[in-house]
Amino acid sequence: MTKVPKKLIEVSIPLEAINAASAREKSIRHGHPSTLHLWWARRPLAACRAVLFAQLVDDPSAWPDRFDNDEAKIEAERKRLHKVIADMVPWEASNDEAILNAARWEIARSVAWALGEEPPPKTNSKAILDYLQAKAPPLYDPFSGGGSIPLEAQRLGLRAYGSDLNPVAVLIGKALVEIPPKFASRPPVNPKSQAELKRGGRWNGKGAQGLAEDVRYYGQWMREEAEKRIGHLYPKAKLPDGAEATVIAWLWARTVRSPDPAAKGAMVPLVSSFMLSTKEGKKAWVEPVIDPAAPNGYYFEVREGELAKEDEQKFELGTKSAKGEAFVCVVTGSPIERKYIQAEGKADRLGTRLMAIVAEKGRSRIYLAPYPSQEQTASTLIDDRIVEDARAGFLSAGTPTRAMITGGVCSAYGLRSWGHLFTSRQIVALSTYAELVVEARERVKHDAGHIGSDGLSYADAIATYLGLGVGRLTDIQNALCRWEVTKTQVRNLFSRQGMAMVWISQKTTCSTVPLGILRQA
C-alpha cells in the first residue's frame, strides 16, 4: 500500500491570515457569490481555498531528502508555503492569475512528486492546469450547499463536483461552477456587443466575461421594460419646491382598530419607532398629530433637525408600550394588548397607513409626509387579476410557524400565507419581472442563433442568472422588509434568520433596486 505523504494541513497553516480574509469577506458585496442567492451556511471562500490547498500540498517534512534532511530548510520551505496561502486568501487574489498559478503549481508539484514525476514549469500556466486536470485527485462535495468548496476547487485547477438534496443549492452550484466554464472565452451575443465586433472590434475578454456582459445587458433590458410596464405604479415624489425626486421607500405603519370605545373605531398605528434617521446632523422623525377632523383622528408630520436625547428616546418607542409586543392607542393613550392584535390579525382586520416617504435627490435623503395620491396609487391594485390569481395560486401555501423555524414568525399575527407577505404592488412588480425573464430568454435564444446548437443552452444560462436576480428581489420586495434608521436604507427580510413580524414595512421602488441586483447576478 502506497504511503500518503504528510500534508501541510496536518502540521500548520497561517490561521491568522485565513481568519482575517474570511472575516473581511462578510463586508464584500460586489461580485461575491453571496450576492447571487441567499444561503445561510455559506462557507468563506478564503477558508475553503486555503484548506483545499493545505490538504493537497505536502508538508516539506514528507520529502526530507529534497531539502538535504536539513530541519532549517524544511522549516523555511514551510514558511514559504504559508506565504503562498497568505497571498492567495484575500478577496483581491480571487482573480489574480499570477497568484493562483503559483498556488496551482505547488499542488501540481506535490501530485507529481507522489507519482515519481516532476511538475510542469512554473511559467507554463496552461501546462499546470492540464496536469492538474489529468492527474490531481478530483474534489467531490456531497453536501455542496452554497457551492464555496467546489468553486474554490475549480479556481485551484481541480476537477470539481458537487451535489445536494436541496434544489436551491443545486441551482447555486450550477450558476457558480458548471455554467461559467461551459461558456468561457466566448464573446457576448447581445446586439450592442455584436455590432461593435462587426465594426472591426475584437473581443479580448477572459473567462466568463462575455457571459457576464450578456447578463448585464439583458438585465438592463428587463429593467427598462419593467419601467415601461409598471413604472406608473411607482410615481416620483413631489418636493415642496415643486421639483420631483425618486422615491427610495414608502414607509407604511400597520394599523389595528382601537379597542378603546373613546377612539370611535379608529384604525390606529402600531409603530415600533417614529425615527427615520438617527444620523448626527441628519436626524428625521415622524410625529403623529391628533386632529379629530383627520381620517381616524390623526395624521403624520415629518420633521428634521436637532432633537433632544429624551425626545429621541420617546420617538424611538413609537406607539409601543413597555410591555412586550403591546402598543398604546395614539388617539386615547389606552393599551392595546398583543393577544388582541394577534386575534385581529388572524381575522384579517389589520390594515396599513402610509407614514412617510423617503426620496433621493442627488446624494441626499429627503423625508416627506404622506399625501393622498401616493396612497391611492398603491390601493388601485387590490382587485387586480394578477394579484388575485397569485394569492389564490402559488402564493396560497402557509408561512412557517414557530415549530418550523427559529428567529421569529409572522404567522401569529395573521400573515399565514405567502400572499400575505407581499403587497398588491409588489406582486405585480415581481410577476412582471418573472415574465420578463422568460421574454429575455427568447431574446437571447434569437441573438445567440449564430453559435449553433449551444444557443439554447446559452439562453437557459442567461435566464438562470436573471431568474436568480429576480429571486433576490423577493428578499427586498416584501412586506417584512425594514427601514434601517442608522444607515437610512432598506434592509432585506433575510438580513437576519427568521420571519418576525415587522410593524413598519417599507416598499421600495421597482426602478432603482432591481438593476443593482441584476448587475450582481
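**Figure 1. Salt bridges in the predicted model.** This structure is a predicted model, and 34 salt bridges are found in it. Side chains of opposite charge can pair when their charged atoms come close. The next three views show individual pairs.

**Figure 2. The salt bridge between Asp59 and Arg78.** The closest N and O atoms of Asp59 and Arg78 lie 2.8 Å apart. This pair connects distant parts of the chain, with the two positions 19 residues apart in numbering. Asp59 belongs to the loop between helix 2 (45-56) and helix 3 (71-88), while Arg78 is part of helix 3. Asp59 has a relative accessible area of 0% and is therefore buried. Arg78 is buried too, at 11%.

**Figure 3. The salt bridge between Glu77 and Arg80.** Glu77 and Arg80 form a salt bridge in which the closest N and O atoms are 2.8 Å apart. Both residues are in helix 3, and because they are three residues apart, about one helical turn separates them. Glu77 is buried, with a relative accessibility of 9%. Arg80, in contrast, is partly exposed, and its relative accessible area is 29%.

**Figure 4. The salt bridge between Glu227 and Arg223, and a network elsewhere.** In the pair formed by Glu227 and Arg223, the closest N and O atoms are 3.5 Å apart. The two residues are four positions apart in helix 9 (residues 209-230), so about one helical turn lies between them. Glu227 is partly exposed at 35% relative accessibility, and Arg223 is partly exposed at 22%. A separate group of residues, Glu77, Arg80, Glu106 and Arg109, is joined into one network by salt bridges that share partners.

**Figure 5. The crossing of helix 2 and helix 3.** The axes of helix 2 and helix 3 come within 9 Å of each other, and they cross at roughly 155°. Angles over 145 degrees count as roughly antiparallel, and the two helices are therefore roughly antiparallel to each other. The crossing of helix 2 over helix 3 is right-handed. On the side of helix 2, the contact is made by Arg49, Ala50 and Phe53. Helix 3 contributes Leu81, Val84, Ile85 and Met88 to this contact.

**Figure 6. Cysteines without a disulfide.** A disulfide requires a pair of cysteine sulfur atoms within 2.5 Å. By this rule the model has zero disulfides. Cys410 is in no disulfide, and the nearest cysteine sulfur, which belongs to Cys481, is 12 Å away. Cys410 is buried, with a relative accessible area of 1%. Cys48 is likewise buried, at 9% relative accessibility.

**Figure 7. The surroundings of Thr488.** Thr488 sits in the loop between strand 13 (482-484) and strand 14 (489-491). At 4% relative accessibility, this loop residue is buried. Apart from neighbours within four places in sequence, Thr488 is in contact with Leu276, Ser277 and Lys279, as well as with Arg365, Tyr367 and Trp483.

Technical notes. Residues are numbered from 1 along each chain as its sequence is written. This is a predicted model: local features need pLDDT of at least 70, side-chain atom pairs count only at pLDDT 80 or more; totals for chains, interfaces and linings use all residues. Side-chain values use heavy atoms; hydrogens and water are left out. Buried means under 20% relative accessible area, exposed over 50%, partly exposed in between (1.4 Å probe, protein chains only). A salt bridge is a side-chain nitrogen of Lys or Arg within 4 Å of a carboxyl oxygen of Asp or Glu. Axes are lines fitted to C-alpha atoms, for helices over the stretch in contact, and angles run from 0 to 180 degrees between N-to-C directions. Angles under 35 degrees count as roughly parallel, over 145 as roughly antiparallel, 65 to 115 as roughly perpendicular and the rest as oblique. A crossing is left-handed if the near helix is turned anticlockwise from the far one by less than a right angle, and right-handed if clockwise. Contact means heavy atoms within 4.5 Å.
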